[in-house]
Amino acid sequence: MRPNLMSARFLLFVSLLLLGSAFVAPAAQRGYQFRPTTNDIVFADFDGNDWGTWTATGDAFGSSPARGTLPAQQPVSGYQGRGLVNSFVQGDKSTGKLVSPPFAIKLPYLNFLIGGGNHPGEVCINLIIDGRVAYSATGGDSEHLRWHTWQLFPVMKKTAHLEVVDQHTGGWGHILIDQITMTAQARVSPYVNDAVTLAMTSQMEAAPRAEADATHPVFHFAAPAYWMNDPNGPVYFKDYYHIFYQHNPFGEQWGHMHWGHARSRDLITWKHLPIALWPSKELGEEHVFSGCATTNNRGELITLYTSIGNRSASDYAEQWAALGDNLGNTFEKHRANPILSEKLHGDLKVYDWRDPFIFRHQGVTYLVCGGNLNQAKGGQAVVLLYEALNGELTQWKFRGELFRHPDSNVKNIECPNFFKLGSRWVLIISPHAKVQYFTGDFDPVAGKFTYSQRGLMDYGDSYYAPNCMEDLKGRRILWGWLRGFKDGRGWNGCLTLPRILNLEPDGSLGQIPVPELSRLQGEAQTLGVTEIRHATNFVQGFASDTFEIDAEIECADAQEFGFLLRASLDGSRAVPLVQESGRLRLAATSAPLPKPEPGHTVRLRIFSDHSVFEVYANGRLCLSQIAYPDEKERALALYASGGGIKLRSFKVWPMQALEF
Ligand code: FRU
């Protein structure tokens, strides 16, 4: 599809890894202590009289484990028990390999003591899975053995074997290994890039398949591959828009929640950055759930998110932070975690407590989280308010319930967004159903929001969990997650177009796509003022599977009118966008939209992007939908039945892909 795709992708991958290793400091281990459990598996302690089930070849390892320092070797220390692997047999010049029997990966951490030379690839211990080196480690040119931990959760249940390699004959051409154990907890902080490198390797390996899929959107933002859900932490930082998102780098389904990350100067050209946040298994973290990003009083980029742990049931969810490097490209978990824990609530029990969102007002920094107070039984879905007690944003006070949902059938609130827009305050919530907004007033003294107007953010079934930011131009920009794609394509999920929110005079929310998107428009095809009566008119010569339409239509006396999007040449197959009896229908979903009176027009902006369809009516009502037209169906038609319509204006542009 694009020239030099593979080499460009490879360069991107290498540069991402370099970026990752340049900026990511070793994972924070403060206060962490390894606690052995009875389930730990001692895989090899090399205390026996021979290699047992291991096989040694070459002359570096000798016929049995060493008993410590070998002749002419500097003193070896740090090993445990009687013996260890020491490939200094006959000095540095000897070479060889020591191979373990195959084993199943039953626990998520493999720990071992390692010392000896630092010759990656030549003097190393490798974990081989499916015939390939999945993990590798070397010593640090030292005769003292130190603990090293690999995090294996992405390869759990696979069959693997270990090989200890010595292929270097010069100085430090030997390796020391001891006490190989598989544990439920990390022995030491896993080398940080094990986690992120594996995640990114997995993601990048799947990317060509995702990109080659003809249903993959091209001008809607998506992860390089695999599963994504909520947009997280959109923020403008040091000349870039940053967007993060819930991401499973290991598959097409929800799971292993990480934060994917990309940045752009202009919302059109994006760069995927290293995965920003991954579950710190060594700190008991299972998932990195949704959250926000902002700058603290030191000018640092800080993300706040819900950490889901395998901690005790009562602190299953905590709000954690991670600090960015000075460019906001890579992140390290904050030493003060948890930043907010359940203890803040005193006796109040909050269920499904998650998805922090920060806002500022009159010099005070606040945060809201969603949840419910009655185990999601309905009627007590709430948004809770917190106030920052320090500029670093690591200490918070609970202010109480900002908002309780008025509908008793709403059981829980996810992903609250709360901000001022024009003269009003806006609350956007994801209630496990269509996303709702409320506009009204915020009383910071009482810590209460009262609404006077409400509506839906998008009438499509596919839209959920939006998140927003204010940019330097003062624009409130919001992205939603589009969900419900078919499995089996190497990807699942994308974001809506970035939308600018504005407050309409009646207190309802208006939404329009950012004007930057016009940079993706190809050559426009325009129709003059045209009347269509009892007819279907094809747009002559038009054939595209990615396009934008901007049309103003006066109904005149038509009973029904609309578009055939991605139509077959005879119009018998198409994705229909229909204005009929008070509703605007897009394929399987619809929104209430009164038919324009004769003389009045409806303005429709329609974006068609392979399997993604996004419609804006009169700059207010949004309808997003997933559909799978046949690849060949690229014609476009307008029709009117039971009377006529007048096209006041009509333009269609083929749309190009976002640049990565
Ligand atoms: C919304 C949501 C959030 C949660 C995240 C987990 O889609 O359920 O509440 O933080 O997804 O992926």
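1. A polar contact is taken here as a pair of N or O atoms within 3.5 Å. In this predicted model, the side chain of E414 meets that criterion, since one of its polar atoms lies 2.6 Å from an oxygen atom of the ligand. Of the accessible area of 320 Å² that the ligand has on its own, the protein covers 91%.

2. Two further polar contacts to the ligand deserve mention. In the side chain of D230, an N or O atom is 2.7 Å from a ligand oxygen. The contribution of S290 comes from the backbone: a polar backbone atom of this residue is 3.1 Å from an oxygen atom of the ligand.

3. Which residues come nearest to the ligand? They are D230, Q246, R354, D355 and E414, out of 13 residues around the ligand. By residue class, the shell comprises 6 nonpolar, 3 polar and 4 charged residues. Strands β12 (226-237), β16 (285-295), β20 (351-361) and β28 (463-470) each supply at least two of the shell residues.

4. Strand β16, one of the strands that supply the shell, also belongs to an open sheet of 4 strands. The order in this sheet is β16-β17-β18-β19, and the pairing is antiparallel. Why is one side of β16 and of β19 left without a neighbour in the sheet? Both strands, β16 and β19 (331-333), stand at the edges and have a single partner strand each, so one side of each remains unpaired within the sheet. From one strand to the next, the twist averages 30°.

5. The pairing of β18 with β19 can be described in further detail. Strand β18 covers residues 317-324 and is joined to β19 by 3 bridges, the two strands running antiparallel. Within this part of the model, A322 stands opposite K333 of β19.

6. The loop between β19 and β20 holds P338. The peptide bond that leads from N337 to P338 is cis, its omega being near -5°. A reader inspecting the backbone may wish to view this bond together with the next point.

7. Two residues other than glycine have a positive phi and may be set side by side. D352, in strand β20, has phi near 50°. For H610, phi is about 60°, and this residue lies in the loop between β41 (601-609) and β42 (612-617). Is each of them buried or partly exposed? D352 has a relative accessible area of 32% and is therefore partly exposed. H610 has a relative accessible area of 12%, so this residue is buried.

8. P36 is located in the loop that links α1 (5-23) with β1 (41-44). Its relative accessibility is 62%, and P36 therefore counts as exposed. P36 and R187 are separated by 151 residues in sequence, while their C-alpha atoms are 8.4 Å apart in space.

9. Q395 also occupies a loop, in this case between β22 (381-388) and β23 (396-404). With a relative accessible area of 46%, Q395 is partly exposed. How far apart in space are Q395 and L198, which are 197 residues apart in sequence? From C-alpha to C-alpha, the separation is 33 Å.

Definitions and conventions: Residues numbered from 1 in each chain as written. Predicted model: local features only at pLDDT ≥ 70, side-chain atom pairs only at ≥ 80, totals over all residues. Heavy atoms only, no water. Near = heavy atom within 4 Å. Polar contact = N/O pair within 3.5 Å; in protein donor to acceptor, adjacent residues only side chain to side chain. Areas by Shrake-Rupley, 256 points an atom, 1.4 Å probe, with all protein chains shown as cover. Nonpolar A, V, L, I, M, F, W, Y, C, P; charged D, E, K, R; others polar. Pairing = 2+ DSSP bridges. Axes fitted to C-alpha atoms, helices over the stretch in contact; angles between N-to-C directions. Buried < 20%, exposed > 50% of the residue type's maximum accessible area, 1.4 Å probe, protein only.
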